[in-house]
Amino acid sequence: MERILEQERWMARDISFICFEWVKTFFGRAFGCWHRQLSLPFTRGNETYRTCVACGARRRFDREKWTMVGSFYRY
Ligand SMILES: [Zn+2]
């Protein structure tokens, strides 16, 4: 009996986690991501950018000024 309860608790955790992920994705798509978590600057060719960990959008990064420039874009 206790085992079943334990399992149900784990399932409930899984389900709430999946729902949370889904809501996050849904809101990210519907209302735009806030791009709060960004990767470290990447350089590829002559372009340097940071990528949003949540949605994958990129923003150009100026290495000389060490700051982000322009707005986010999808690749
Ligand atoms: Zn984002």
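User: What pLDDT does the protein average, and what share of the residues score at least 70?

Analyst: This is a predicted model. The protein averages a pLDDT of 84, and 85% of the residues score at least 70.

User: Which element has the lowest mean pLDDT, and which the highest?

Analyst: Helix H1, residues 2-31, has the lowest mean pLDDT among the elements, at 72. Strand S3, residues 58-62, has the highest, at 96. As a general caution, predicted coordinates should not be read in detail where pLDDT is low.

User: How many helices and strands are there, and in what order do the elements run?

Analyst: The protein has 1 helix and 4 strands. From the N terminus on, the elements run α-β-β-β-β.

User: How are the strands arranged in the sheet?

Analyst: They form an open sheet of 4 strands in the order S1-S2-S3-S4, with antiparallel pairing. The edge strands are S1 (42-44) and S4, each of which pairs on one side only.

User: Over how many bridges do S2 and S3 pair, and which residues stand opposite each other?

Analyst: S2 and S3 pair in the antiparallel sense over 3 bridges. Tyr49 stands opposite Arg60 in S3, and the bridge partner of Arg50 in S3 is Arg59.

User: What links those two strands?

Analyst: S2 and S3 form a hairpin with 6 residues between them. Gly56, in the turn, has a positive phi of about 85°.

User: And what about S3 and S4?

Analyst: S3 and S4, the latter covering residues 67-68, also pair in the antiparallel sense, over 2 bridges. Asp62 stands opposite Thr67 in S4. These two strands form a hairpin with 4 residues between them.

User: Where is Trp66, and is it buried or exposed?

Analyst: Trp66 is found in the loop between S3 and S4. Trp66 is exposed because 8 other C-beta atoms lie within 10 Å of its own, and a residue with 12 or fewer counts as exposed. The phi of Trp66 is near 55°, a positive value in a residue other than glycine.

User: How far is Trp66 from Pro41?

Analyst: Trp66 and Pro41 are 25 residues apart along the chain, and their C-alpha atoms are separated by 9.5 Å.

User: Changing topic, where is Ala57, and which residues does Ala57 touch?

Analyst: Ala57 is found in the loop between S2 (47-51) and S3. Leaving aside residues up to four places away in sequence, Ala57 touches Cys33, His35, Cys52, Phe72, Tyr73 and Arg74. The C-alpha atoms of Ala57 and Cys33 are 8.9 Å apart in space, while the two residues are 24 residues apart in sequence.

User: Why does Ala57 count as partly exposed?

Analyst: Ala57 is partly exposed because 19 other C-beta atoms lie within 10 Å, whereas a buried residue needs 20 or more.

User: Where is His35, and what is its phi?

Analyst: His35 is found in the loop between H1 and S1. Phi of His35 is near 50°, a positive value in a residue other than glycine. With 18 C-beta neighbours inside 10 Å, His35 counts as partly exposed.

User: What share of the residues is buried overall?

Analyst: Buried residues make up 3% of the 75 residues in the protein.

User: And what share of the contacts comes from residues 24 or more positions apart?

Analyst: Such residues account for 8% of the contacts with a separation of 6 or more.

Definitions and conventions
Residues numbered from 1 in each chain as written. Predicted model: local features only at pLDDT ≥ 70, side-chain atom pairs only at ≥ 80, totals over all residues. pLDDT = per-residue confidence, 0-100. Contact = placed C-beta atoms within 7 Å. Pairing = 2+ DSSP bridges.
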